[in-house]
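Me: I am new to this structure and would like a close look at a single part. Please take the disulfide, and give me enough of the rest to place it.

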Amino acid sequence: MAGLPRTLSRALALSATALLLAGCGLSEELDRETNPERRPPAEAAPPSANTQRPTSPAYPSPSTPSCPNSGVTMSPGMVTATMGLRAMSVTLTNCGHRVRVVDGYPDIRVRGLDRALFDVSVLKGTEPVTTMDDPGPHRVALKPGERAYTTLVWRYSAVDASTRRGSGVYVEIGPAKGKPRQTVEPDGGLDIGETGMLGTTAWQRSPRSS
């Protein structure tokens with residue numbers, strides 16, 4: 001510390017020493033807080049030769065569903081309820097590699113929890129269940145990846161909450177009469193009773209997502 005008076009140089013040196021000691025004391029205090037028993041830190045065990053490190057992410061992406069021989073898949077929408085009236089859409093997706101055509105109304109059967117068929121009248125149209133826009137039968141050509149939908153409507157009927165008797169748990173639906181059906185499970189089931197009516201709309205093209 002050239003150029004400073006000897007007294008000032010000595011004072012600066014003592015201050016620096018005090019700061020160093022204070023820093024050491026703070027470090028020791030933190031060490032005591034985290035390791036009060038003063039145990040030596042555990043050394044990490046070397047990886048075993050037989051241990052295979054994961055190469056996949058923690059959350060694997062869901063597998064893509066396979067496309068059935070029919071070339072289409074069916075998926076149910078949410079069930080909406082208003083004053084005893086129920087409605088649910090079912091979407092048909094062309095999962096194949098060629099154009100698929102739907103024309104008319106879906107072919108539907110309803111089964112209960114025990115897989116027994118319900119005595120349900122499936123209507124072509126929505127009346128007399130309710131009044132709803134129905135495009136009627138018309139040809140809808142779907143390119144691969146395109147979709148069409150139908151809307152199912154019914155009125156609430158008594159359902160046994162404990163046994164789900166009167167609830168349509170499984171809906172078997174095909175694009176048309178004689179075409180392979182697929183089974184969908186509506187959320188909460190169809191509380192339609194065993195002698196109810198199920199209205200349907202004709203297939204129509206789904207709006208393109210923007």
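Reply: A residue is called buried when its relative accessible area is under 20%, exposed when it is over 50%, and partly exposed in between. By that rule, 32% of the 210 residues in the protein chain are buried. Keep in mind that this is a predicted model.

First, the layout. The protein chain has one helix and 12 strands. The helix comes at the N-terminal end of the order, and the strands follow it. Contacts reach far along the sequence. Of those with a separation of 6 or more, 75% join residues 24 or more positions apart. The protein chain exposes about 14500 Å², and carbon and sulfur atoms supply 54% of that area.

Now the disulfide. The count for this model is one. Its partners are Cys67 and Cys95, with sulfur atoms 2.0 Å apart. The link of Cys67 and Cys95 is right-handed, with 70 degrees about the S-S bond. Cys67 sits in the loop between α1 (6-34) and β1 (72-76), and Cys95 sits in the loop between β3 (85-94) and β4 (100-103), so the pair ties together parts that are 28 residues apart in sequence.

How covered are the two cysteines? Cys67 has 34% relative accessibility, so it counts as partly exposed. Cys95 has 26%, so it is partly exposed too.

For contrast, take two buried residues. Ile173 belongs to strand β9, which spans residues 170-174. Its relative accessibility is 0%, so it counts as buried. Leaving out residues up to four places away in sequence, Ile173 touches several others, among them Met74, Val90, Pro106, Ile108, Val184 and Trp203. Val90 is 83 residues from Ile173 in sequence, yet their C-alpha atoms are 8.9 Å apart in space.

Thr200 is the second case. Its place is strand β11, residues 197-200. At 1% relative accessibility, Thr200 also counts as buried. A polar atom of the Thr200 side chain lies 2.7 Å from the backbone oxygen of Leu123. With residues up to four places away in sequence left out, the contacts of Thr200 include Tyr105, Val122, Leu123, Lys124, Asp134 and Leu152. Pro106, Ile108 and Thr150 are among the residues that Thr200 touches, and these three are also among those touched by Ile173.

To return to your part: the disulfide joins Cys67 and Cys95. Cys67 is partly exposed, and so is Cys95, whereas Ile173 is buried and Thr200 is buried.

Definitions and conventions: Residues numbered from 1 in each chain as written. Predicted model: local features only at pLDDT ≥ 70, side-chain atom pairs only at ≥ 80, totals over all residues. Heavy atoms only, no water. Helix = DSSP H or I, 4+ residues; strand = E, 2+ residues; numbered from the N terminus. Buried < 20%, exposed > 50% of the residue type's maximum accessible area, 1.4 Å probe, protein only. Contact = heavy atoms within 4.5 Å. Areas by Shrake-Rupley, 256 points an atom, 1.4 Å probe, with all protein chains shown as cover. Polar contact = N/O pair within 3.5 Å; in protein donor to acceptor, adjacent residues only side chain to side chain. Disulfide = S-S within 2.5 Å.
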